[in-house]
Amino acid sequence: MKIDKLLEQYVLSHIVEERPLMARLFRETQLRMVNGRMCSGHLQGSLLTLISKLIRPSLILEIGTYTGYSALCLAEGLVEGGMLHTIEINDELESLASSFFEESGLRGRIIQHIGDAESVVPTLDNDFDLVFIDADKRKYLTHYQLIFPKVAQGGIIIADNTLWAGKVVQKVAPTDEQTLEILKFNDFVRNDPRVETFIIPVRDGITIMRKVSE
Ligand SMILES: C[S@@+](CC[C@H](N)C(=O)[O-])C[C@H]1O[C@@H](n2cnc3c(N)ncnc32)[C@H](O)[C@@H]1O
């Protein structure tokens, strides 16, 4: 076992416990989905919950619902009456995520959109306090540009998988579109004067940006 795996286990045994519903959602995702590893899971999920609770957002936007794990983590921080919009392109995932939203008691605060983020985001005219980008890695910069005008001043944008299993510091094949786009995204936000950027090297890398200007 590598030392970082040991440390991850140590961290997991010294942070808030995963709620039984979330553990069940994670298990069902692993059993029913081919790419179960795409699910945030407890380590990242509890960090998302903490960030959301610190921000206390009124409006959250998520791109990439998948089975709903991260949506439920983020929704925990909503203020009374707050809403989370989550977008998923694959309609086969709708009912699984929806059943867990129902069970969580947060159904009334979560609006599920089925469709391509590029078609759905322009229909949303809200000022989001918190945005989580976690869909197609080849579209990260597109999604960032798309959501940016809809983020409130001082709002937080989080992007997942920005260290991309360490591929960002390895030799990249010219055909590896996902890594090339992540590299482009990381360079772009680092140099974007409209945001303050930090990368948390947890799990697959989580970039946190604070919008400081239009
Ligand atoms: C990594 S998974 C999301 C995981 C989830 N956020 C979590 O942490 O549990 C990415 C999801 O984005 C969806 N997706 C990919 N391209 C999309 C697009 N253009 N618009 C909306 N959803 C998209 C995929 O179908 C997939 O379910």
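Two strands are said to pair if DSSP finds at least two bridges between them, and that idea will guide much of this tour through a predicted model.

**Start with the whole chain**

Show the full chain as a cartoon, and you should be able to trace 8 helices and 7 strands. The radius of gyration is 17 Å, close to the 17 Å that the globule rule gives for 214 residues, so the chain is as compact as a globular protein of that length. If you turn the view along the principal axes, the C-alpha atoms fill a box of roughly 50 × 45 × 30 Å. Buried residues make up 36% of the 214 residues, and, among the contacts with a separation of 6 or more, 67% are between residues 24 or more positions apart.

**Select the sheet**

Now hide the helices and keep the strands, which form an open sheet of 7 strands in the order 3-2-1-4-5-7-6, with mixed pairing. The edge strands are strand 3 (110-114) and strand 6, each of which pairs on one side only. As you look across the sheet, neighbouring strands are turned by 15° against each other on average, if direction is ignored. Bring back helix 7 (residues 140-147), which packs on the sheet and touches strand 1, strand 4 (128-133) and strand 5; the direction of helix 7 makes about 170° with that of strand 4.

**Select strand 1**

Strand 1 covers residues 59-63, and it is joined by 5 bridges to strand 2, with the two strands running parallel. To find one of these pairings, select Leu59 and look across to Met83, which is its bridge partner in strand 2. Is strand 1 largely enclosed or open? Of its 5 residues, 5 are buried, so strand 1 is largely enclosed by the rest of the structure. Its two faces are both covered, with Leu59, Leu61 and Ile63 buried on one side and Ile60 and Glu62 buried on the other.

**Move to strands 5, 6 and 7**

Select strand 5 (residues 151-160) together with strand 7 (residues 206-211), and you will see a pair that runs in the antiparallel sense over 5 bridges. Within this pair, Ile158 stands opposite Ile208 in strand 7, and Ile156 stands opposite Arg210 in strand 7. Next add strand 6 (residues 195-200), which pairs with strand 7 in the antiparallel sense over 6 bridges. Here Arg210 appears again, as the bridge partner in strand 7 of Glu196. The hairpin of strand 6 and strand 7 has 5 residues between the strands, and in this hairpin Arg203 takes a positive phi near 50°.

**Stop at Ala159**

Ala159 lies in strand 5. Is Ala159 buried or exposed? A residue counts as buried if 20 or more other C-beta atoms lie within 10 Å of its own, and Ala159 has 26 such atoms, so it is buried. Leaving aside its neighbours within four places in sequence, Ala159 is in contact with Ile133, Tyr140 and Thr207. If you then draw a distance from Ala159 back to Leu59 in strand 1, the two C-alpha atoms are 17 Å apart in space, although the residues are 100 apart in sequence.

**Look at two loop residues**

Select Arg56, in the loop between helix 3 (41-55) and strand 1, which has a positive phi of about 55° although it is not a glycine. Arg56 is partly exposed, with 13 other C-beta atoms within 10 Å. Ala165, in the loop between strand 5 and helix 8 (177-190), likewise has a positive phi of about 55° although it is not a glycine. How many C-beta neighbours does Ala165 have inside 10 Å? There are 11, and Ala165 therefore counts as exposed.

**Finish at the ligand**

Finally, show the ligand and select the 19 residues that surround it, of which the closest are Ser40, Gly64, Tyr66, Ser70 and Ala135. Colouring this shell by residue type should give you 10 nonpolar, 4 polar and 5 charged residues. Helix 4 (69-75) and strand 2 (83-88) each supply at least two residues of the shell, and strand 2 is the strand that you have already seen running parallel to strand 1.

How values were computed:
Residues are numbered from 1 along each chain as its sequence is written. This is a predicted model: local features need pLDDT of at least 70, side-chain atom pairs count only at pLDDT 80 or more; totals for chains, interfaces and linings use all residues. Helices (H or I, at least four residues) and strands (E, at least two) are DSSP runs, numbered from the N terminus. The radius of gyration is taken over C-alpha atoms; the globule rule is 2.2 Å times the number of residues to the power 0.38. A residue is buried if 20 or more other C-beta atoms lie within 10 Å of its own, exposed if 12 or fewer, and partly exposed in between; C-beta atoms are placed from the backbone. Two residues are in contact if their C-beta atoms, placed from the backbone, lie within 7 Å. A residue is near a molecule or strand if its C-beta atom, placed from the backbone, lies within 6 Å of it. Ala, Val, Leu, Ile, Met, Phe, Trp, Tyr, Cys and Pro count as nonpolar, Asp, Glu, Lys and Arg as charged, and the others, Gly among them, as polar. Axes are lines fitted to C-alpha atoms, for helices over the stretch in contact, and angles run from 0 to 180 degrees between N-to-C directions.
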